[in-house]
Amino acid sequence: MKKTLVILAHPNLNTSRMNKAWKDRLLQEDTVTVHDLYTKYPDGQIDVAFEQRLLLKHERVVFQFPLYWYSSPSLLKEWQDAVLSYGWAYGSEGTKLHGKEFMLAISTGGPEVAYQAGGFNLFSMSELTKPFQAMANLTGMRFLPTFTTYGVRTLTDDEVNKSAEDLLQHIKNA
Ligand SMILES: Cc1cc2nc3c(=O)[nH]c(=O)nc-3n(C[C@H](O)[C@H](O)[C@H](O)COP(=O)(O)O)c2cc1C
């Protein structure tokens, strides 16, 4: 399996079911590094040099998060703004991420049926994640299919555990 960096952004893993289960499962894999942003940066001050070094050590990058207001929790946006700098991640000299692969792993409160035209949330996950797709494009990373688990509140414990196994397979087989 390609060396994979999972950048996890969940502001309160103590109350999490899905992202906590994903984290615990992925931590068991040698080829996966789970990097928990809210634990590493409780003050929100991102160490850009550390983050850039970490990215260079991996071939595949995953953003893992619960959907908050149709996007990611805010520290992941802060991470993008700080780490993906001009001349490093984009611009004529900014080629450090070229050739890597990029993927999203997202949990939602809303059910899958809500995420489509005519549904409660109007838009599909492919539509809502366009800024991440554009980010991958600009930084020269290949955007791989997104892994989404919908309607987390109503899942049984078995379904939560199965989702964690499915995420691992998705990351391995993408
Ligand atoms: C601030 C906030 C915003 C949220 N926004 C959305 C949303 O836009 N769409 C949605 O389906 N669920 C939304 N949710 C629900 C979370 O996505 C859901 O609780 C989470 O994915 C469950 O994962 P967890 O068990 O790891 O916390 C929101 C929750 C919070 C706290």
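Which backbone atom lies 2.7 Å from an oxygen atom of the ligand? A backbone N or O atom of Arg17 does, a polar contact in the sense of a pair of N or O atoms within 3.5 Å. The model is predicted, with local features needing pLDDT of at least 70 and side-chain atom pairs counting only at pLDDT 80 or more, while totals for chains, interfaces and linings use all residues. Residues are numbered from 1 along each chain as its sequence is written, and side-chain values use heavy atoms, without hydrogens and water.

**Ligand surroundings**
- Backbone N or O atoms of two further residues approach oxygen atoms of the ligand, that of Gly110 at 2.8 Å and that of Met18 at 3.0 Å.
- The protein buries 71% of the 640 Å² that the ligand exposes when taken alone (Shrake-Rupley method, 1.4 Å probe).
- Among the 16 residues around the ligand (a heavy atom within 4 Å), those that come nearest are Ser16, Arg17, Leu67, Ser107 and Tyr115.

**Helix packing**
- Helix α3 (residues 48-56) packs against helix α4 (residues 74-83) at an angle of about 90°, their axes being 10 Å apart, so α3 is roughly perpendicular to α4 (65 to 115 degrees).
- In this contact (heavy atoms within 4.5 Å), Val48, Glu51, Gln52 and Leu55 of α3 meet Trp79, Ala82 and Val83 of α4.

Technical notes: Polar contact = N/O pair within 3.5 Å; in protein donor to acceptor, adjacent residues only side chain to side chain. Axes fitted to C-alpha atoms, helices over the stretch in contact; angles between N-to-C directions. Helix = DSSP H or I, 4+ residues; strand = E, 2+ residues; numbered from the N terminus. Parallel < 35°, antiparallel > 145°, perpendicular 65-115°, else oblique.
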